[in-house]
Amino acid sequence: MKVRRFQEDRMGWAWTLGLVVIKPLLLLTTKRRWIDGEKIPATGGALVVANHISEVDPLIVAHIVWDHGRIPRYLAKAGLFKNKFLGFFLRSAGQIPVERATKNAAGAFDAAVAGVRAGKCLVVYPEGTLTRDPDLWPMVGKSGAARIALETGAPVVPLGQWGAQALLAPYAKKPSLFPRKLITMKVGDPVDLADLTGDTSPAAVTEATARIMAAVTSLVEEVRGETAPPERFNPRTAGVKEFGNPHKDGRKGRHQ
């Protein structure tokens, strides 16, 4: 369901292919409950920040962003670009490779800032990876989204989503395609960072990250109809790996 006319100058072959192949699959396997999607800015540089519960999240979130007239750009893990065809496709679609937890991540930050300043809509998962929280609540956030926002002054639009984990549980090898899964996504008002914009000090970045995660978590509470834990899960203090599959045999999602 196209909600808003396409706002970008051109789409490109990669997005045309994605629409022909991927969107029909999403329409076939999911039911959509989108709330306040019109809060995604129609034009100009912006960050959409969302919780991360499934490896299909980029497709799910791209669906709502696309249908509101924007091409979503992602900070995608660099390993995906090592495959010759997939890397060519991702670059053609305007995605940005990032080598997490390495000094080379700075290049991805610069590319993200340049993209936002050029008027692109960037989707960021501020947790940096799939949540490690046992009940799939948003965990502690990384600083990337906050740093990009403070550097550019672009609006940070929070998005809370639930249901993708029923389609593909975290680190599961096979999706559960039928019956169709209900995907609920709610978009919130931009996070108020006006008093911090331009200040990239550690204290400002920490505060901005806290505000971003609070906004996303509040929306997740609404779409789940539940209350999040008083403290966000922290992989470091819990002794859980921050990246990669933290479970030997892959986690099976408990929420349907």
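**Exercise 1. Is Lys 186 buried or exposed, and what is its relative accessible area?**

The model is predicted: local features need pLDDT of at least 70, side-chain atom pairs count only at pLDDT 80 or more, and totals for chains, interfaces and linings use all residues. Residues are numbered from 1 along each chain as its sequence is written, and side-chain values use heavy atoms, with hydrogens and water left out.

Step 1. Buried means under 20% relative accessible area, exposed over 50%, and partly exposed in between (1.4 Å probe, protein chains only).

Step 2. Lys 186 has a relative accessible area of 16%, so it is buried.

**Exercise 2. Identify the salt-bridge partner of Lys 186 and the network to which the pair belongs.**

Step 1. A salt bridge is a side-chain nitrogen of Lys or Arg within 4 Å of a carboxyl oxygen of Asp or Glu.

Step 2. Lys 186 forms a salt bridge with Glu 222, with 3.0 Å between the closest N and O atoms. This pair links distant parts of the chain, Glu 222 in helix α7 and Lys 186 in strand β7, 36 residues apart. Helices (H or I, at least four residues) and strands (E, at least two) are DSSP runs, numbered from the N terminus.

Step 3. Glu 222 is partly exposed, at 45% relative accessible area.

Step 4. Through shared partners, salt bridges join Asp 36, Lys 39, Lys 186, Asp 189 and Glu 222 into one network.

Step 5. Within this network, Asp 189 and Lys 39 form a salt bridge with closest N and O atoms 3.1 Å apart. Asp 189 lies in the loop between β7 and α7, and Lys 39 in the loop between β1 (30-35) and β2, so the pair ties together parts that are 150 residues apart in sequence. Asp 189 counts as exposed at 52% relative accessibility, whereas Lys 39 is partly exposed at 28%.

**Exercise 3. Test the length of helix α7 against its expected span, and state what covers its buried residues.**

Step 1. The expected span is 1.5 Å times one less than the number of residues.

Step 2. For the 23 residues of α7 (residues 202-224) this gives 33 Å; the end C-alpha atoms are 32 Å apart, which agrees.

Step 3. The buried residues of α7 include Ala 204, Ala 208, Ile 212 and Val 216. Their cover includes β2 (46-50), α5 (144-152), β6 (156-162) and β7 (181-187).

Step 4. Just after α7, Gly 225 takes a positive phi of about 70°.

**Exercise 4. Describe the burial and pairing of strand β2.**

Step 1. Five of the five residues of β2 are buried. Ala 46, Val 48 and Ala 50 lie on one side, and Leu 47 and Val 49 on the other.

Step 2. Two strands pair if DSSP finds at least two bridges between them. β2 pairs in the parallel sense over four bridges with β5 (residues 121-124), and also in the parallel sense over four bridges with β6.

Step 3. Val 49 has Val 124 of β5 as its bridge partner, while Leu 47 has Val 156 of β6.

**Exercise 5. Locate His 63 and list its contacts.**

Step 1. His 63 lies in helix α2 (residues 57-66). Eight of the 10 residues of α2 are buried, so this helix is largely enclosed by the rest of the structure.

Step 2. His 63 is itself buried, at 7% relative accessible area.

Step 3. Contact means heavy atoms within 4.5 Å. Leaving aside neighbours within four places in sequence, His 63 is in contact with Lys 23, Leu 26, Leu 27, Arg 32 and Trp 34.
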